[in-house]
Amino acid sequence: MAVSFQNDIMPLFKQFQAQMAWRLDLTSYDDVKANYQAILAQLTTKSMPPPPFPPLTDTQIGQFVQWMNEGFPP
Ligand code: HEM
């Protein structure tokens, strides 16, 4: 299954937008693409989202990796 920012990545991050707005806009394609390395580091170490939020599942993190590997489809 192809992944895209609008259909897969943005909906996954939207619930956290307000808490991260001071650093980046998790619903903005340009912001997420520009910060993909920092975001990946946070996700794979399960640092973000922080407790009490449950970490993203490996499937969800896999979607982010696939989105990167496929060249950041909008
Ligand atoms: C999937 C959701 C989230 C993603 C992808 C994300 C991503 C990030 C990124 C990329 C940074 C910067 C790290 C760096 O500069 O290297 C960061 C820092 C931070 N985020 Fe988030 N965040 C998420 C959710 C949240 C939530 C829900 C909160 C608060 C309830 C939060 C609070 C913070 C805080 C306090 C920092 C700065 C302290 C630190 O670096 O540990 N984040 N986050």
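**Exercise 1. Place threonine 27 in the fold and list its contacts beyond its sequence neighbours.**

Let's start with the location: threonine 27 sits in the loop that joins H2 to helix H3 (29-34). Keep in mind that this is a predicted model.

Next, look at who is there. Setting aside neighbours within four places in sequence, threonine 27 is in contact with Phe5, Met10, Lys14 and Gln17.

Finally, check a distance. From C-alpha to C-alpha, threonine 27 and phenylalanine 16 are 9.0 Å apart in space, with their positions 11 residues apart in sequence.

**Exercise 2. Find the protein donors of the iron atom of the ligand and work out the arrangement around the iron atom.**

Begin with the protein side. Met20 and Met48 each offer their SD atom to the iron atom of the ligand, at 2.2 to 2.3 Å.

Now turn to the angles. Six donor atoms surround the iron atom of the ligand, and the angles they subtend run from 82 to 179 degrees, so the arrangement is octahedral. It helps to recall that ideal angles for six octahedral donors are 90 or 180 degrees.

Then place the two residues on the chain. Methionine 20 belongs to helix H2 (residues 17-20), while methionine 48 is in the loop between helix H4 (36-44) and H5; the pair is 28 residues apart and links distant parts of the chain.

**Exercise 3. Walk along the loop between H4 and H5 and note the backbone features of lysine 46, proline 49 and proline 52.**

Step one is lysine 46, which lies in this loop. Although lysine 46 is not a glycine, its phi is positive, at about 60 degrees.

Step two is proline 49, also found in the loop between H4 and H5. The peptide bond leading from methionine 48 to proline 49 is cis, and its omega is near -5 degrees.

Step three is proline 52, in the loop between H4 and H5. Here the bond from proline 51 to proline 52 is cis, with omega near 10 degrees.

**Exercise 4. Describe how H4 packs against H5.**

First, take the geometry: the axes of H4 and H5 are 10 Å apart and make an angle of about 155 degrees. Angles over 145 degrees count as roughly antiparallel, and H4 and H5 are therefore roughly antiparallel to each other. H4 passes H5 in a left-handed crossing.

Second, name the residues. H4 contributes Tyr36, Ile39, Leu40, Leu43 and Thr44, and H5 contributes Ile61, Phe64, Val65 and Met68.

Third, sort them by class: this contact of H4 with H5 has eight nonpolar residues, one polar and no charged ones.

**Exercise 5. Repeat the analysis for H1 and H5.**

Helix H1 (residues 5-13) and helix H5 (residues 58-69) pack with their axes 11 Å apart, at an angle of about 135 degrees. The two helices are therefore oblique to each other. Their crossing is left-handed.

On the H1 side, the contact uses Phe5, Asp8, Ile9, Leu12 and Phe13; these meet Gln60, Gln63, Phe64 and Trp67 in H5. Sorted by class, the contact of H1 with H5 has six nonpolar, two polar and one charged residue.

How values were computed: Residues numbered from 1 in each chain as written. Predicted model: local features only at pLDDT ≥ 70, side-chain atom pairs only at ≥ 80, totals over all residues. Heavy atoms only, no water. Axes fitted to C-alpha atoms, helices over the stretch in contact; angles between N-to-C directions. Helix = DSSP H or I, 4+ residues; strand = E, 2+ residues; numbered from the N terminus. Parallel < 35°, antiparallel > 145°, perpendicular 65-115°, else oblique. Left-handed = near helix turned anticlockwise from the far one by under 90°. Contact = heavy atoms within 4.5 Å. Nonpolar A, V, L, I, M, F, W, Y, C, P; charged D, E, K, R; others polar. Donors = N, O, S within 2.8 Å, 3.2 Å for Na, K, Ca; no water. Tetrahedral: all angles 85-135°; square planar, octahedral: opposite > 155°, others 65-115°.
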